[in-house]
Amino acid sequence: MKIYSSVLRTNGKQLDGNTSKILVIIKPKKSGINSKQTTNEVKKIAKKYKLNTGVKSIKDISNGGLIIDCNNKEESELVNDIISKNKVIGDYLKGKSEAQLSSEFKFRFHLRRNSSNQNKTYVFELSPQLKQIINKMQTINIGWQACAWNDFIHIIRCFKCNKFGHKSADCKESHDSCGLCSESHKTKDCKKQESEHCCINCKQFNSIKQQAILATNHSSFDKSCESFKRIKNIIISKIDYD
Ligand SMILES: [Zn+2]
Ligand SMILES: [Zn+2]
Ligand SMILES: [Zn+2]
């Protein structure tokens, strides 16, 4: 959970970002499910549960992505380094041709550096077979570092209304809703103290249910936000086939 929380924390600070992304961890463990199917599945679930969220994409990673948080590394060296430093992965990939190797395990891109630590988050594409091997590993060695890893999808948060699933350019709300206090002003103009924070997503959930079910005394970037956790848990429970 390390990556998820650190990225989310960074996300909370990026109040001026328009397309700040939240990483949600899912476990697409069923072999042969590609990112499009996973995305569609998640969209279906979100619709069914009337969740105020949406899934943009999992980039075009065909077998589900893997994220690893580690020190800054030469990107071209990453895969070879991982193969040589992790015996189980090395053993599985031994004797495969260059072409086979790249269909099994490929570096794709990195995410923006997390300002709160020196680590960088790298994203890989890998085969379901290799994914099953990695599922059994707590960490992956890169260089001399044992790195946390996770699966990911992107969920977009609107900078204007602070709801999940769309960018501000596509926002249908007529006014800004503050991500800190939920009132009608831009998040960056908020003058409220932390004790006055109120989460727009939890507040809206309560108003739909006409009951104070969720605590609202947090910002909408808070990693402990129940609205966000509910979405994440539903996604995980539907996609984690193991
Ligand atoms: Zn919006
Ligand atoms: Zn505010
Ligand atoms: Zn909340």
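**A walk through a predicted fold**

Okay, let's start with one residue: Ser-102 counts as partly exposed, because it has 13 C-beta neighbours inside 10 Å. The rule is that a residue is buried if 20 or more other C-beta atoms lie within 10 Å of its own, exposed if 12 or fewer, and partly exposed in between, with the C-beta atoms placed from the backbone.

Before we go on, some housekeeping. Residues are numbered from 1 along each chain as its sequence is written, while chains are lettered from A and ligands numbered from 1 in the order in which they are written. This is a predicted model, so local features need pLDDT of at least 70 and side-chain atom pairs count only at pLDDT 80 or more, though totals for chains, interfaces and linings use all residues. And pLDDT is the predictor's confidence in each residue, from 0 to 100.

Now the overall picture. The protein has eight helices and six strands. Those are DSSP runs numbered from the N terminus: H or I for helices, at least four residues, and E for strands, at least two. Read from the N terminus, the order is α-β-α-β-α-α-α-β-β-α-β-β-α-α. There are 242 residues in the protein, and 34% of them count as buried. Two residues are in contact if their C-beta atoms, placed from the backbone, lie within 7 Å. Take the contacts between residues at least 6 apart in sequence: 60% of them join residues at least 24 apart.

Back to Ser-102. It sits in helix 5, residues 98-104. Its C-alpha atom is 9.5 Å from that of Ser-127, 25 residues apart along the chain. Something similar turns up for Ser-103: its C-alpha atom and that of Leu-126 are separated by 7.1 Å, with their positions 23 residues apart along the chain. Leu-126 belongs to strand 4, residues 120-126, and is buried because it has 23 C-beta neighbours inside 10 Å.

Next, helix 6, residues 128-135. Which residues are buried there? They are Leu-130, Lys-131 and Ile-134. They share one side of helix 6, because they cover an arc of only 105 degrees around the axis; that arc is taken from the directions from the helix axis to the C-beta atoms. On the other side, Gln-129 and Asn-135 are exposed. If that pattern puzzles you, remember that an α-helix has 3.6 residues a turn, so residues three or four places apart point the same way.

In helix 7, residues 200-209, the buried residues include Ile-200 and Phe-205. Right after helix 7 comes Gln-210, with a positive phi near 55 degrees. Most residues other than glycine have a negative phi. Two more to look at are in the loop between strand 6 and helix 7. Asn-162 is there, with a positive phi of about 65 degrees, and it is buried because it has 24 C-beta neighbours inside 10 Å. Ser-182 is in that loop too; its phi is positive, near 75 degrees, and with 22 other C-beta atoms within 10 Å, it is buried.

Last, how far do we trust this? The average pLDDT is 72, and 61% of the residues score at least 70. Among the elements, helix 4 (residues 87-93) has the highest mean pLDDT, 96, and helix 1 (residues 2-13) the lowest, 30. It also stays under 50 over residues 51-63 and over residues 238-242. Where pLDDT is low, the predicted coordinates should not be read in detail.
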